[in-house]
Amino acid sequence: MSVAAYCIFCYRQIGTSGPATKTHLPWNDISNFCRTFQRIYILLYVFICIEEISMPRKIAKLTGSLILGGFVFITYEVLSLKKLLQIDTQAIHQEKLKSYVYIRTASLNPSEYQGITYQARKEIHKAVRKILETEAKIFRRPFNEQFSTFDGEDHECALWLLLKRSQSEDKEVRLQAVQDLANNSHWHDYQYGTVAQTCDQRTAIGLARSKDIDLRFFLPPPPLPKIKNDYPIEDELRLLLVSLPQTGLDPCVQYFTSLALRESSQTLAAQRGGLWCFGGNGLPYCETLSKIPSETVELFCLQALVQHSKVSSHCDKIEAKGGLQLLQRIYQLRKDSAKIQRNIIRIIGNMALDERLHSSIVHAGWVSVLAEVMKSPHIIQSSHASRALANLDRDTVKEKYPDGVYVLHPQYRSSQPIRADILFVHGLLGAAFKTWRQQDIDRRLDKKALEGEEDYSQCWPKTWLASDCPALRIISVEYDTHLSDWKAKCPVEAHRKSIAYRSNELLDKLRAAGIGDRPLVWVSHSMGGLLVKKMLVDASKNPEMDKIVNNTRGIIFYSVPHHGSQLAEYSINARYLLFPSVEVKELSKDSPALKELNDDFLSFAKDKKFSVLSFAETLPTHIGSMIKLHVVPLESAELGIGDLIPVDVNHLNICKPKKKDAFLYQRTLKFIQDVLARELGD
């Protein structure tokens with residue numbers, strides 16, 4: 001009896017102890033204890049019954065009462081102990097219903113999802129799967145992966161099945177799986193998170209290039225070590241520039257890179273105030289002789305880094321020195337600076353040309369950043385991100401897009417086959433996007449136009465032309481131009497700015513982008529038309545570039561100075577043209593170089609029977625506040641072949657239609673549709 005009471009109190013102490021107690025009590029031990037205690041009581045009861053025969057009746061009654069009370073007390077203690085040690089089975093069910101690290105928001109009532117029908121279906125599924133697995137092994141056939149998923153819910157099976165298919169060796173299966181994943185918009189957060197954590201690099205890039213993709217498919221960039229508030233990021237950029245080779249770059253980049261590393265910010269501001277030209281883009285330094293804003297210093301260093309990223313061996317150094325993580329930090333810190341972010345994405349796009357760096361770019365968290373920028377309403381930002389992702393996507397994009405070559409359409413993966421290419425080449429002081437915007441609206445004069453202002457196009461080839469001709473690949477190129485060499489910024493050779501130099505440079509980039517593999521139409525403005533002619537003449541003399549010439553179907557010229565421009569002759573009077581640049585000098589009226597180029601072009605263009613459409617301006621253009629002139633007179637816009645159409649606009653607006661149904665755009669569209677009628681069908 002004493003032993004039994006001692007055991008009871010021991011277990012009672014265990015059952016009422018606090019959470020600090022770590023003693024592990026298996027249920028088997030507790031059950032064994034209860035059964036043993038029952039046997040002890042039975043033996044005691046039998047013993048008392050035997051003794052009762054010889055004991056006085058009063059003692060027997062007292063003993064029986066004690067035994068009965070003790071039994072009740074022990075039973076109560078055991079039940080209390082069981083209640084205290086009872087495990088909450090709902091917690092077990094919740095753990096079972098986890099998917100990866102995300103907890104699914106499902107009912108914990110087993111009757112809602114584990115009925116007879118559910119269990120029967122699961123058993124049938126298992127049996128069929130085993131039969132098919134055995135059959136596949138016997139006949140040595142590939143096992144249908146539909147039956148290789150785990151026994152989960154229907155929507156869970158679909159998720160994991162798509163993830164497995166996205167890693168298939170069959171390209172068609174893989175691409176369809178990524179498309180099916182991208183089309184799912186009804187999943188829970190944890191399911192998107194599951195895909196983000198389990199998909200491979202190729203799938204993540206494919207999802208980022210899917211239209212209207214849910215950003216929950218992507219993991220955020222990995223966290224970076226914390227830094228002090230006063231930590232100068234520009235110092236990190238300069239350290240990165242120090243580690244890069246100073247060879248293989250053009251003299252202008254070498255000059256500014258070494259200058260940035262050698263002099264302090266204060267010295268730069270004191271000695272080089274005003275505009276610093278770097279690759280054609282001015283850097284607005286503060287006009288005072290005080291400290292240069294850190295954002296401006298960062299932008300200066302980043303533009304130097306852009307030039308380094310064009311060299312493959314330098315990209316390796318940037319990656320090895322933690323450049324991808326540094327750029328990620330600057331990108332997150334400078335979310336209010338579109339220029340800084342654009343230059344960073346430009347660097348990523350250049351590095352993505354090297355497939356060896358793809359894994360590092362993905363692991364640094366750039367896919368989620370690029371996917372987010374693709375949704376930007378600003379065409380310049382989204383086009384830079386589109387170029388970077390296209391260079392990363394080796395599953396569906398065989399071409400590579402070097403720096404300055406931008407795809408305006410299609411920017412996403414599409415099942416629409418590409419039938420032909422349209423290539424846009426801007427002119428003097430132009431750009432890949434702003435040159436081809438819709439004509440600016442004068443709010444004071446054109447009140448009717450304001451009613452449709454929400455439809456204003458920042459780049460009509462991307463919006464209007466892509467909508468009217470979705471089977472086209474639309475590309476725009478960008479190169480640096482200057483009106484003047486006033487305040488020479490770096491000791492760079494003049495030949496780099498010549499049409500001949502740029503022709504060779506652009507031809508190499510365009511061949512890498514696959515120009516010439518499909519029927520092609522050129523669209524050019526101003527000096528860009530001269531560059532197009534020079535590229536075609538050079539390509540006709542190079543057997544490796546024959547495809548570009550042979551696949552050219554037509555050319556559109558917007559106010560191209562085939563016989564020169566009056567612009568250079570006004571350089572003495574215009575404050576912007578005190579020292580005319582090489583580009584302006586080449587545009588001199590009746591220039592021998594222009595005459596030779598025009599003759600060379602006409603000699604083979606007539607043999608090839610190119611379709612040509614030329615537009616000419618009829619209104620003068622304001623240059624600064626001093627000069628108003630016809631930049632390209634009607635007689636200079638006359639090529640000698642094709643149609644010439646005068647339009648009542650100035651030189652800047654000749655390539656900027658007022659609206660989609662304007663004559664300028666509709667005539668351009670008709671020309672493209674006519675010369676590509678066979679490729680575009682209807």
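The structure holds 24 salt bridges. The model is predicted, and its protein comprises 29 helices and 13 strands. Of the 682 residues in the protein, 46% are buried. Two separate nonpolar cores are described below, one of 60 residues and another of 52 residues.

**Salt bridges between distant parts of the sequence**

- D403 is paired with K310 in a salt bridge whose closest N and O atoms are 3.4 Å apart. D403 belongs to the loop between α19 (379–392) and β5 (405–409), and K310 to the loop between α13 (294–308) and α14 (312–320), so this pair ties together parts that are 93 residues apart in sequence.
- The two partners of this bridge fall into separate accessibility classes: D403 is buried, at a relative accessible area of 6%, whereas K310 is partly exposed, at 42%.
- D316 and R356 also meet through their side chains in a salt bridge, at 3.1 Å from N to O. Because D316 lies in helix α14 and R356 in the loop between α16 (338–351) and α17 (358–363), the pair ties together parts that are 40 residues apart in sequence.
- Within that pair, D316 is partly exposed, with a relative accessible area of 25%, and R356 counts as exposed, with a relative accessibility of 55%.

**A salt bridge within one helix, and a network**

- In the salt bridge formed by D674 and K670, the closest N and O atoms are 2.9 Å apart.
- Both residues lie in helix α28 (residues 663–675), where D674 and K670 are four residues apart, or about one turn of the helix. An α-helix has 3.6 residues a turn, so residues three or four places apart point the same way.
- Both partners are partly exposed: D674 has a relative accessible area of 44%, and K670 has one of 45%.
- A network of salt bridges links E399, D421, R473 and R518.

**The surroundings of Q411**

- Q411 is located in the loop between β5 and β6 (420–425), and it counts as buried, with a relative accessibility of 6%.
- The side chain of Q411 makes a polar contact with the side chain of S383 at 3.0 Å. The Q411 side chain also reaches the backbone oxygen of V407, at 3.0 Å.
- Leaving aside residues up to four places away in sequence, Q411 touches R209, M374, S382, S383, S386 and K462.

**Helix α13 and the nonpolar cores**

- Helix α13 has 15 residues and spans 21 Å from its first C-alpha to its last, close to the 21 Å expected at 1.5 Å a residue.
- Of the 15 residues of α13, 13 are buried, so this helix is largely enclosed by the rest of the structure.
- The largest nonpolar core contains 60 residues, of which V195, L207, L305, I361 and W366 touch the most other members. Helix α13 supplies the largest share of this core, with seven residues.
- W366 touches L324, L327, Q328, Y331, I344, I348 and I361, when residues up to four places away in sequence are not counted.
- Apart from the largest core lies another, of 52 residues, which includes V477, M527, L567 and L602.

**Helix α26 and a spatial pair**

- P592 is found in helix α26 (residues 592–608), and it counts as exposed, with a relative accessibility of 66%.
- P592 and G564 are separated by 28 residues in sequence and by 9.8 Å in space, C-alpha to C-alpha.

**Overall contacts and surface**

- Of the contacts in the protein between residues at least 6 apart in sequence, 74% join residues at least 24 apart.
- The protein has an accessible surface of about 35500 Å², and carbon and sulfur atoms account for 55% of that area.

Methods
Residues are numbered from 1 along each chain as its sequence is written. This is a predicted model: local features need pLDDT of at least 70, side-chain atom pairs count only at pLDDT 80 or more; totals for chains, interfaces and linings use all residues. Side-chain values use heavy atoms; hydrogens and water are left out. A salt bridge is a side-chain nitrogen of Lys or Arg within 4 Å of a carboxyl oxygen of Asp or Glu. Helices (H or I, at least four residues) and strands (E, at least two) are DSSP runs, numbered from the N terminus. Buried means under 20% relative accessible area, exposed over 50%, partly exposed in between (1.4 Å probe, protein chains only). A polar contact is a pair of N or O atoms within 3.5 Å; within protein, one must be able to donate a hydrogen and the other to accept it, and residues adjacent in sequence count only if both atoms are side-chain atoms. Contact means heavy atoms within 4.5 Å. The expected span of a helix is 1.5 Å times one less than its number of residues. Accessible areas come from the Shrake-Rupley method with a 1.4 Å probe; for residues, only the protein chains shown count as cover. A nonpolar core is a set of buried Ala, Val, Leu, Ile, Met, Phe, Trp, Tyr and Cys residues joined through side-chain atoms within 4.5 Å.
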